[in-house]
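Colleague: I would like to go through the assignments in this model one at a time. For each, tell me what the label rests on.

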Amino acid sequence: MSMDQRFVPIPSDAEDALPPARSTAGAALRAALRRFPIWPVIAFLRGKRVPQHRATAWYAMGGLALVFLAIQIATGILLMVYYRPSQPWASVQRIVNEVPYGAFIRSVHHWSANLMALTLFAHMFSTFFMKAYRPPRELTWLTGCALLGVTLLFAFSGYLLPWDDLSFFATRVSLTEIEKGPGLGPWLADLVRGGPDVTIDTIGRFYVLHVTVLPLAVLAIIGAHLLCIQLQGVSEPDRFAALPEREKKYRAFFGDFMIAEIPIWLAASALVVALAAAVPRGLAPEADPFAAAPAGIKPEWYFLAPYQMLKLFPGHLELIGLGLMNGAMLGALAVPFIDRAVPAGARGRIMTALGAAGLAGFVVLTVWGRLS
Amino acid sequence: MSETRDTESSAGGPGGAADARRGRRRFLALMGGLSACWTGASLYPAYRFLSPQAAPDPFAENGRAAVEKVTPADVARPGMGKNGGYAGRGVIIFRTQAGKLRAFDSKCTHAGCNVEFQGERLFCNCHGGVYDLDGTNIAGPPPRPLTELEAFEQDGLLYVARIADPAKG
């Protein structure tokens, strides 16, 4: 049967893989493939597989972070309908008190943000300890670090938008710290604030960052991150790679692994809804730039570690604390260029120890910051 | 000249092709350079657009600034103090046990939260910075004393002014 010249013939392996031509799905897929010759791409993706071993569950973290991101985008779009950057606190109060399901949607946005940050930390540390960052996957690691950074910038910029007591002083503290940075610090702080202090002008800047600049950035970087993973495949930990070929077990990514993740995604969504219902996000009194900072003011948990560092390095020692934090962040970027050997050698073991120390330090500072 | 080269390259001679490649590369470099200049030049207005305007001098009017949210009644007796503002900034005004009216810019020299008057001391709730009533940092993370201002009452209103010599405090 010869097709019209305008259409692309369907490859024979596609014919074998597609549902029968008489079914609706089969007919639709064939119609699409005759118009767009993308079967090689699909065939490539069908070949993607996930190594099956004790730590396989950790491979779900990246996908889980994407689920939370999807929730953030959906609830964020809804919140934008009522949020007014010119009347920040009043408009959030209206969302909380008057708009049907407003308090709920705002709380979902809050909790999903927290869980997204938590999932990304888990994702980062699991790929770190499985040493998935080693060549040729440097770019995957770097784009992953960028995604964590963008997520924290999302959290930071979104925190100011309700313009309550907490958000005002949290932003003022962070920008005062940036201001102390050597060289470009004061210039950068003024540029971000829109002046020497946090004012309603700062809201305009943070709002634009939060709803246009950062979303575009996060989508672009996720695209690069996922492309890296698709093109290079999932990294195999040393112990798995050392197994004889016939003992290595894999699962198909799209046909098997991802389908098995669906219950996890549903459970995660249910957790967000449950947290939002049980612990709704509060709204503190409107920011008063003249009032004293309220007693007991604390940042969100993911900023407790730097918060505690600020308290630990008093006076002029502070630059040491800031230097340590920035050093740790730059050090994370350098990881795939320092620890390169497969299987891991002495450097690899030192790197694992450093990572464990970094994780322990982060946890200790976070708990200490919470309790102090 | 260019016509000759076109003829040569379309003739497919090896020298002609190399020549055409060179010309093409030169053209691309020129266009790339021009595009970079254009982008750079158009970034300048965007940068200026985003740069904050210079903040006005808070004491521009007769060398003083009116205090908001604190009235003389709020600091009438020794041991009374209150947070307020002047020219968009925070100020803490209190009356000492000796009856003297004192004012400090309330921005903590550590991380910039507004300090609180607690009778015997000035305290910052953000990171636990402590200052005595002279504004000197005595505990916690603050690296420097608070900036003192001169506070005075005139026609039932409070004003603050810059202290010419901070040492006379």
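Colleague: What makes Y159(B) the bridge partner of F152(B) in β10(B)?

Modeller: F152(B) has Y159(B) as its bridge partner in β10(B), and strand β9 (residues 148–154) of chain B pairs with β10(B) over six bridges in the antiparallel sense. Two strands pair if DSSP finds at least two bridges between them, so six bridges meet the criterion. This is a predicted model, in which local features need pLDDT of at least 70, side-chain atom pairs count only at pLDDT 80 or more, and totals for chains, interfaces and linings use all residues. Residues are numbered from 1 along each chain as its sequence is written, while chains are lettered from A and ligands numbered from 1 in the order in which they are written.

Colleague: Which residue in the hairpin of β9(B) and β10(B) takes a positive phi?

Modeller: D155(B), with phi near 50°; the hairpin has two residues between the strands.

Colleague: How do you know that β1(B) and β10(B) pair?

Modeller: Strand β1 (residues 64–68) and strand β10 (residues 157–162) of chain B share three bridges and run antiparallel. At least two bridges are required, so the pairing holds. Y159(B) appears here too, as the bridge partner of A66(B).

Colleague: Why are β5(B) and β8(B) called edge strands?

Modeller: The open sheet has four strands in the order β5-β6-β7-β8 (chain B), with antiparallel pairing. β5 (116–117) and β8 (137–139) of chain B each pair on one side only. Two bridges join β5(B) to strand β6 (residues 122–123) of chain B, and E116(B) stands opposite F123(B).

Colleague: What makes β5(B) count as a strand?

Modeller: Strands are DSSP runs of E of at least two residues, and helices are runs of H or I of at least four, numbered from the N terminus. On those terms chain B has two helices and ten strands, and from the N terminus on both helices come before the strands.

Colleague: How do you know that the length of helix α6(A) is as expected?

Modeller: The expected span is 1.5 Å times one less than the number of residues. For the 28 residues of α6 (residues 102–129) of chain A that gives 40 Å, and the end C-alpha atoms are 41 Å apart, which agrees. Just after α6(A), K131(A) takes a positive phi of about 60°.

Colleague: Why is helix α13(A) called mostly covered?

Modeller: A residue is buried if 20 or more other C-beta atoms lie within 10 Å of its own, exposed if 12 or fewer, and partly exposed in between, with C-beta atoms placed from the backbone. Seven of the nine residues of α13 (residues 304–312) of chain A are buried, so the label follows. Among them are L304(A), Y307(A) and K311(A). In chain B, buried residues make up 30% of the 169 residues.

Colleague: What makes the largest nonpolar core a core?

Modeller: A nonpolar core is a set of buried Ala, Val, Leu, Ile, Met, Phe, Trp, Tyr and Cys residues joined through C-beta atoms within 7 Å. The largest has 95 residues, and I92(B), I93(B) and V160(B) have the most contacts inside it. Its largest share, ten residues, comes from α6(A).

Colleague: How many residues of chain B are in contact with chain A?

Modeller: 26 residues of chain B are in contact with 26 residues of chain A, where contact requires backbone-placed C-beta atoms within 7 Å. β2(B) gives the most to that side of chain B, with three residues.

Technical notes. Two residues are in contact if their C-beta atoms, placed from the backbone, lie within 7 Å.
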